[in-house]
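Open the structure in your viewer and keep the selection panel handy. We will go from stop to stop, choosing a few residues each time.

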Amino acid sequence: MRKIVADSSCNRLLLPINYENVKYSRVPLSITVNETNYIDDENLNISKMIEHMESFKGASCTACPGPGVWYEACIDSDEIIMVSITSVLSGSYNSALVAKEMIEEEFPEKKIHVVDTLSAGPMNDLIVEKLAQLMDSDLSFDEIVKEIESYKTKVKLNFILLSIDNFIKNGRVSKIVGLAVNTLNINIVGEAKEGTLNTLHKVRGFKKSLVTLIEDIKQNCLENGKVIISHSFNEEGALKIKDLLLNEFNNLKIKVEECSGLCSYYAERGGILIGYEI
Ligand code: X90
């Protein structure tokens with residue numbers, strides 16, 4: 001049996017279709033606000049967690065799954081690919097690597113690989129979708145690894161963030177990147193680059209941010225490729241982006257979804273992430 005194990009930087013709880021020969025499971029990151037620990041699984045009330053985070057004045061933080069959690073999720077299968085959030089911003093990838101070593105030592109016959117997506121959210125969803133198709137095919141394990149590592153370079157993540165306070169508070173981006181964003185109504189329109197946030201524009205107002213974002217995506221996207229838009233409590237904005245993109249390229253295959261708990265925490269209320277094929 002083949003299996004995909006992703007961490008909760010990937011938004012999807014299930015694969016898009018049921019595959020007979022491919023299993024999927026998701027290991028949670030967690031978010032701590034005050035004394036409350038929120039586990040980012042299917043039972044998490046994301047809205048409640050975000051409200052708590054917004055009303056609490058003190059520090060909050062996140063934590064990645066440890067090696068044991070990855071290990072447990074993998075162990076029931078023979079050919080396993082783990083998909084982790086960018087190793088530049090989180091220890092999740094490292095935990096997955098440790099789990100891989102543990103499994104290889106104990107069960108040398110198992111085949112196992114970890115994909116460092118260098119990204120998060122909808123880009124990870126695209127990678128998992130592609131991986132499910134590859135694992136369902138007749139390709140060998142080594143061929144699948146080669147294909148998915150190549151696909152990773154053919155997808156991209158852009159975003160609009162209304163605040164990057166949580167990135168700064170958690171020491172995950174420098175204060176310099178954060179500067180000027182705390183100014184009222186300035187949004188960051190940017191991309192994932194080398195595994196971290198890259199600011200492309202600082203824009204006043206959400207409407208202008210949308211226009212700027214569409215310009216960036218237009219330059220890179222495959223005209224008939226797949227797009228996943230995920231939002232943190234901003235369905236209206238996400239649907240607007242969908243419309244604007246379809247106006248440019250009417251053959252795009254666009255899905256809109258909600259962010260996971262982890263992505264909602266970092267994207268913050270109103271934030272939107274767009275993963276797409278280039
Ligand atoms: O505690 C941890 O190990 C988790 C730290 C995660 C930090 C990154 C979260 C990214 C969520 C938000 C915006 C998109 C930026 C992507 C840059 C790669 C998604």
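Start by selecting S90 and the ligand: an N or O atom in the side chain of S90 is 2.7 Å from an oxygen atom of the ligand. That makes a polar contact, meaning a pair of N or O atoms within 3.5 Å; within protein, one must be able to donate a hydrogen and the other to accept it, and residues adjacent in sequence count only if both atoms are side-chain atoms. Before moving on, note that this is a predicted model, in which local features need pLDDT of at least 70 and side-chain atom pairs count only at pLDDT 80 or more, while totals for chains, interfaces and linings use all residues. Residues are numbered from 1 along each chain as its sequence is written, and side-chain values use heavy atoms, with hydrogens and water left out.

Stay with the ligand and add T62 and A63. A polar side-chain atom of T62 lies 2.6 Å from an oxygen atom of the ligand. For A63, look at the backbone instead: one of its polar atoms there is 3.5 Å from a ligand oxygen. Around the ligand there are 20 residues, of which T62, A63, L89, S90 and R172 come nearest. A residue counts as near a molecule or strand if one of its heavy atoms lies within 4 Å of it.

**Next stop: two loops**

Select S9, in the loop between β1 and β2 (22–27). Helices (H or I, at least four residues) and strands (E, at least two) are DSSP runs, numbered from the N terminus. S9 counts as buried, at 0% relative accessibility. Buried means under 20% relative accessible area, exposed over 50%, and partly exposed in between (1.4 Å probe, protein chains only). Show side chains, and you will find a polar contact of 2.6 Å between those of S9 and D7. Leaving aside neighbours within four places in sequence, S9 is in contact (heavy atoms within 4.5 Å) with residues including S84, I85 and N124.

Now pick T117, in the loop between β7 and α4. T117 is buried too, with a relative accessible area of 1%. Its side chain reaches the backbone oxygen of S84 at 2.8 Å. Beyond the residues within four places in sequence, T117 has contacts that include S84, I85 and N124.

**Along two helices**

Which residues of α4 are buried? Select P122, M123, N124, D125, L126, I127, V128, E129, L131, A132, L134 and M135 to see them. Twelve of the 15 residues of α4 are buried, so this helix is largely enclosed by the rest of the structure. Try a distance between the end C-alpha atoms of α4: they are 21 Å apart, which agrees with the 21 Å that its 15 residues should span at 1.5 Å a residue. The expected span is 1.5 Å times one less than the number of residues.

Move to α5 (residues 141–151) and colour its buried residues, F141, I144, V145, I148 and Y151. They are on the same side of α5 because they cover an arc of only 130° around the axis; the arc is that of the directions from the helix axis to the C-beta atoms. An α-helix has 3.6 residues a turn, so residues three or four places apart point the same way. Turn to the other side of α5, and you meet the exposed D142 and K146. Among the elements covering the buried residues of α5 are β6 (79–84), β7 (111–116) and α4 (122–136).

**Inside a strand**

In strand β6, select M82, which counts as buried at 0% relative accessibility. Then add V114: the two are 32 residues apart in sequence, yet 4.6 Å apart in space, C-alpha to C-alpha. Not counting residues up to four places away in sequence, M82 touches several residues, including V5, W70 and C74.

**A look at the cysteines**

How many disulfides does a search of the whole structure find? Zero, where a disulfide is a pair of cysteine sulfur atoms within 2.5 Å. C74 has its closest cysteine sulfur in C10, 14 Å away and too far for a bond.

**Last stop: two turns of the backbone**

Finish with N34, in the loop between β3 (30–33) and β4 (36–39). N34 has a positive phi of about 55° although it is not a glycine. Most residues other than glycine have a negative phi. N34 is partly exposed, at 42% relative accessible area. E194 also has a positive phi, near 45°, and is exposed, with a relative accessible area of 68%.
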